[in-house]
Amino acid sequence: MQKFVSSLQNPAVKRILLLQEKARARRKENAFVVEGIREISLALKGGFKLKEFFFNTELFPAEKIKDLVPFP
């Protein structure tokens, strides 16, 4: 399912920022943030699974993302 996020006050954005900044949050959620198509591909090849996927539609149209990143 695709959702549109437009505010830095969005809880999902706040959570991503927290995961980027705090090791404690990463350990608590057993999650981390990966940025970039190449890095995502490497993580998938390494056996990691995507929980959530955020992208900028101005940089990557949704149709293009579906081809680049296998997401259920």
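Read from one end to the other, the chain runs α-α-α-α. That makes four helices and zero strands, where helices (H or I, at least four residues) and strands (E, at least two) are DSSP runs numbered from the N terminus. The model is a predicted one, so to speak of local features takes a pLDDT of at least 70 and side-chain atom pairs count only at pLDDT 80 or more, while totals for chains, interfaces and linings use all residues. Residues are numbered from 1 along each chain as its sequence is written, and side-chain values use heavy atoms, with hydrogens and water left out.

As for overall dimensions, the C-alpha atoms fit a box of roughly 35 × 30 × 20 Å along the principal axes. The chain has 72 residues, and 14% of them count as buried; here buried means under 20% relative accessible area, exposed means over 50%, and partly exposed is in between (1.4 Å probe, protein chains only). About 6400 Å² of the chain is exposed, with carbon and sulfur atoms supplying 55% of that area. Such areas come from the Shrake-Rupley method with a 1.4 Å probe, and for residues only the protein chains shown count as cover. Taking the contacts (heavy atoms within 4.5 Å) with a separation of 6 or more, 27% are between residues 24 or more positions apart.

On the annotation side, an unreviewed UniProt entry puts the feature "domain: MRM3-like substrate binding" at residues 10-64. UniProt positions are given in the numbering used here, feature names are shortened, and annotations may be inferred rather than shown by experiment. Over residues 10-64, the chain is 55% helix and 0% strand, and the end C-alpha atoms sit 25 Å apart.

Next come the charged side chains. Two salt bridges turn up in the structure, a salt bridge being a side-chain nitrogen of Lys or Arg within 4 Å of a carboxyl oxygen of Asp or Glu. One of them joins E29 and R15, at 2.9 Å from N to O. Because E29 belongs to helix α2 (residues 23-29) and R15 to helix α1 (residues 11-21), this pair ties together parts that are 14 residues apart in sequence. R15 also meets E52 in a salt bridge, this time at 2.5 Å, N to O. That pair links distant parts of the chain, 37 residues apart: R15 is in helix α1, whereas E52 is in the loop between α3 (37-45) and α4 (62-68). With partners shared between the salt bridges, R15, E29 and E52 end up in one network. Each member counts as partly exposed: R15 at 23% relative accessibility, E29 at 29% and E52 at 37%.

The aromatic rings offer another set of links. Searching the whole structure gives two aromatic pairs; rings of Phe, Tyr and Trp (its six-membered ring) pair if their centres lie within 6.5 Å, and planes under 30 degrees apart count as stacked, over 60 as edge-to-face and the rest as tilted. F32 and F48 have ring centres 5.2 Å apart and planes at 90°, so this pair is edge-to-face. F32 lies in the loop between α2 and α3 and F48 in the loop between α3 and α4, so the two rings tie together parts that are 16 residues apart in sequence. F32 is partly exposed at 45% relative accessibility, and F48 is partly exposed at 48%. For F53 and F55, the ring centres are 5.6 Å apart and the planes are at 40°, so that pair is tilted. F55 counts as partly exposed, with 28% relative accessibility.
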